[in-house]
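Q: Got a minute to go through this one with me? I'd like to talk about rings, core and pockets.

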Amino acid sequence: AIDSAYKDALYNYGQSLQLKGSAKEAEPVFRSLHARQKSDWKILAKLVQVSYAQGKDSGANAYASELYALRKSGQVPELQREKMFVREQFQVGRRKVFALEYFDLVGDRAVRYSFNVKDKAGKDVEFKVTLGSYAETNEMALSMGEIKKGERLFHLDAYTAGGQSLLGFYKGEPKYEAIREDARKYIVERDGSGKGRK
């Protein structure tokens, strides 16, 4: 009320609304900030999150595309150095899930998404579900004729205290929303039975 242009106060206000579960009220706060701060990538990431929280998948994807375009433009050095952003925060039963999206598929064990699942107290990450595309796996798939040159094979894996479990393969990069549902199913199944799929 004292200064409607005070960016930090508005950002914190929007984030407090988001943490309260009031994504609908948080969205116009972040949109107002974005209108004045087009190069602030953290505001764009928040708009992606609050859009998903309202079931606005197309809106979330539009903001994510804008974030990628901003990174590609090279106008924001800080964003150039970032490897990932939080695409979504959601709840599965009593568990909080933070979905990280990696901007680039780099390295021998490249990862696109990492669903970091907190323990039931909401404090520490207990296990992860990741969508990756590993160099060795792709080379093997190419040599066996499972993929063509230029294509990539992706795989969903669960990383728990008991080790790594393969949950499925995908020819070509799947959409985020499809992977989120597969990760959600695993989390529900794991909590329901006390075990994960093998």
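Q: How many aromatic pairs does a search of the whole structure find?
A: Eight aromatic pairs. Rings of Phe, Tyr and Trp (its six-membered ring) pair if their centres lie within 6.5 Å; planes under 30 degrees apart count as stacked, over 60 as edge-to-face and the rest as tilted. One of the eight joins tyrosine 11 and phenylalanine 30. That pair is edge-to-face, with 5.7 Å centre to centre and 70° between the planes.

Q: Before we go on, what sort of model is this?
A: This is a predicted model: local features need pLDDT of at least 70, side-chain atom pairs count only at pLDDT 80 or more, and totals for chains, interfaces and linings use all residues. Residues are numbered from 1 along each chain as its sequence is written, and side-chain values use heavy atoms, with hydrogens and water left out.

Q: Back to tyrosine 11 and phenylalanine 30. Which parts does the pair tie together?
A: Tyrosine 11 lies in helix 1 (residues 7-19) and phenylalanine 30 in helix 2 (residues 23-36), so the pair ties together parts 19 residues apart in sequence. Helices (H or I, at least four residues) and strands (E, at least two) are DSSP runs, numbered from the N terminus.

Q: Are tyrosine 11 and phenylalanine 30 buried or exposed?
A: Both are buried. Buried means under 20% relative accessible area, exposed over 50%, partly exposed in between (1.4 Å probe, protein chains only).

Q: What about phenylalanine 115 and tyrosine 176?
A: They form a stacked pair, 6.0 Å centre to centre with 20° between the planes. The pair links distant parts of the chain, 61 residues apart. Phenylalanine 115 is in strand 3 (residues 109-118), tyrosine 176 in helix 7 (residues 176-193). Both residues are buried.

Q: Which residues do ring pairs link into a cluster?
A: Tyr52, Phe90, Tyr113, Phe115 and Tyr176.

Q: Where does arginine 87 lie?
A: Over the face of tyrosine 176, at 4.8 Å from the ring centre. The rule: a charge sits over a ring if NZ of Lys or CZ of Arg is within 6 Å of the ring centre and within 35 degrees of the ring normal. The charged end of arginine 190 also sits over a ring, that of phenylalanine 127, 4.2 Å from its centre.

Q: Core next. Which members of the largest nonpolar core touch the most others?
A: Phe30, Phe115 and Val129, out of 45 residues. A nonpolar core is a set of buried Ala, Val, Leu, Ile, Met, Phe, Trp, Tyr and Cys residues joined through side-chain atoms within 4.5 Å.

Q: And where does the largest share of this core come from?
A: Helix 3 (residues 41-53), with eight residues.

Q: What does phenylalanine 115 touch?
A: Leaving out residues up to four places away in sequence, its contacts include Phe90, Phe98, Phe127, Val129, Tyr176 and Ile179. Contact means heavy atoms within 4.5 Å.

Q: Switching to pockets. What volume does the largest pocket have?
A: About 320 Å³. On a 1 Å grid over the protein atoms alone, a pocket is an open set of points where a 1.4 Å probe fits, with protein on both sides within 12 Å along at least five of seven lines; lining residues have an atom within 4 Å of a point. Grid points are joined across faces, edges and corners, and a volume is the space filled by probe spheres set on the points.

Q: Which residues lie nearest the centre of the largest pocket?
A: Gln18, Leu19, Gly21, Gln89 and Phe90, among 14 lining residues. Helix 1, helix 3, strand 1 (84-92) and strand 2 (95-102) each give two or more residues to the lining.

Q: How many helices and strands are in the protein chain?
A: Seven helices and six strands. The pattern along the sequence is α-α-α-α-α-β-β-β-β-α-β-β-α. Of the chain's 198 residues, 41% count as buried.

Q: Where is glutamine 75 found?
A: In the loop between helix 4 (57-73) and helix 5 (77-81). Glutamine 75 counts as exposed, at 60% relative accessibility.

Q: And alanine 141, buried or exposed?
A: Buried, with a relative accessible area of 2%. Alanine 141 is in helix 6 (residues 135-143). Neighbours within four places in sequence aside, alanine 141 is in contact with Glu146, Ile147 and Leu153.
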